Amino acid sequence: MIFFLRILIAVVALIGLAVALYIFRKKKSGEKMICLFNSDCEAVVKSDYSKIFGIPVEWLGIAYYAVTAVSYLVFAFAPQLSQNIFSVILLWATVLAFLFSIYLTYIQMAKLRQWCTWCLTSALICTVIFLAVLSLLKIN
């Protein structure tokens with residue numbers, strides 16, 4: 001079960017990486033994003049809330065998802081490596097990513113009153129990773 005959860009986290013993180021890279025590419029190229037449900041992704045990803053401390057949110061997503069995917073693939077095939085300080089740091093990064101995704105979802109709902117389906121997908125991915133990590137903690 002531990003192996004399965006680690007692989008699940010890695011695969012879901014790779015999907016998150018693809019989403020973050022899509023947002024990054026579209027913003028960088030200036031191309032309009034394809035958004036479902038008649039939502040306005042542009043209003044969200046180009047808003048004042050799209051950066052934190054001057055860092056674009058999608059860059060944080062790319063870094064988080066890449067590190068998470070690689071780490072959990074390594075942990076799946078070399079479980080002894082999951083028992084170090086890096087795994088504790090990764091746990092806290094996951095908690096922060098989950099809380100930050102809740103905050104950003106709140107911003108879409110309450111402040112911007114616009115929805116970005118890509119951003120919501122990323123928030124869902126952070127939630128899945130968070131719940132899977134909690135399951136791993138419960139098993140260990």
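Pro56 is a good place to step into this predicted model: the residue sits in strand E2, which spans residues 55-56. With a relative accessible area of 9%, Pro56 is buried, because buried here means under 20%. Leaving aside residues up to four places away in sequence, Pro56 touches Ser50 and Lys51. If you would like a sense of distance from here to helix H5, look at Val133: 77 residues separate Pro56 and Val133 along the chain, and their C-alpha atoms are 26 Å apart.

Just before E2 comes a residue worth checking in your torsion plots. Phe53 lies in the loop between strand E1 (51-52) and E2. Its phi is near 55°, a positive value in a residue other than glycine. Most residues other than glycine have a negative phi. Is Phe53 buried or exposed? At 82% relative accessibility, Phe53 counts as exposed, because the cut-off for that class is over 50%.

Arg113 gives you a second case of this kind. Its phi is also near 55°, again positive in a residue other than glycine. Arg113 is found in the loop between helix H4 (85-112) and H5. The relative accessibility of Arg113 is 64%, so this residue too counts as exposed.

From the loops, let us move to the helices, beginning with H1 and H5. Helix H1 covers residues 2-29 and helix H5 covers residues 117-139; their axes come within 9 Å and cross at roughly 160°. How do the two helices run relative to each other? Angles over 145 degrees count as roughly antiparallel, so that is the description that fits H1 and H5. Their crossing is left-handed. On the H1 side, the residues making the contact include Ile2, Leu5, Leu8, Ile9, Val12 and Ala13. On the H5 side, Trp118, Cys119, Ile125, Val128, Ile129 and Leu136 are among them. Sorted by class, the residues of this contact come to 19 nonpolar, four polar and one charged.

Val128 lets you look at this pairing from a single position. Val128 belongs to helix H5, and its C-alpha lies 9.4 Å from that of Ala13, although the two are 115 residues apart in sequence. At 32% relative accessibility, Val128 counts as partly exposed, since this value falls between the 20% and 50% cut-offs.

H1 has another partner in helix H3, which covers residues 57-77. The axes of H1 and H3 come within 8 Å and cross at roughly 155°. That angle makes H1 roughly antiparallel to H3. H1 passes H3 in a left-handed crossing. The contact of H1 with H3 has 21 nonpolar, three polar and three charged residues.

What about H3 and H5 themselves? Their axes come within 13 Å and cross at roughly 35°, and this crossing is left-handed. From H3, the residues that take part are Tyr64, Tyr65, Thr68 and Tyr72. They meet Ser122, Ile125, Cys126, Ile129, Val133 and Leu136 in H5. By class, the contact of H3 with H5 holds eight nonpolar residues, two polar ones and no charged ones.

The cysteines make a fitting last stop. A disulfide is a covalent bond between the sulfur atoms of two cysteines. How many disulfides does the model contain? The count comes to one. This disulfide joins Cys35 to Cys41, with an S to S distance of 1.4 Å. Both partners lie below the 20% cut-off for burial: Cys35 is buried with a relative accessible area of 19%, and Cys41 is buried at 2%.

Two cysteines in H5 also deserve a look. Cys119 is buried, with a relative accessible area of 18%. Cys126 is in no disulfide: the nearest cysteine sulfur, that of Cys119, is 11 Å away. Since a disulfide calls for sulfur atoms within 2.5 Å, that pair does not qualify. At 6% relative accessibility, Cys126 counts as buried.

Key:
Residues are numbered from 1 along each chain as its sequence is written. This is a predicted model: local features need pLDDT of at least 70, side-chain atom pairs count only at pLDDT 80 or more; totals for chains, interfaces and linings use all residues. Side-chain values use heavy atoms; hydrogens and water are left out. Axes are lines fitted to C-alpha atoms, for helices over the stretch in contact, and angles run from 0 to 180 degrees between N-to-C directions. Helices (H or I, at least four residues) and strands (E, at least two) are DSSP runs, numbered from the N terminus. Angles under 35 degrees count as roughly parallel, over 145 as roughly antiparallel, 65 to 115 as roughly perpendicular and the rest as oblique. A crossing is left-handed if the near helix is turned anticlockwise from the far one by less than a right angle, and right-handed if clockwise. Contact means heavy atoms within 4.5 Å. Ala, Val, Leu, Ile, Met, Phe, Trp, Tyr, Cys and Pro count as nonpolar, Asp, Glu, Lys and Arg as charged, and the others, Gly among them, as polar. Buried means under 20% relative accessible area, exposed over 50%, partly exposed in between (1.4 Å probe, protein chains only).
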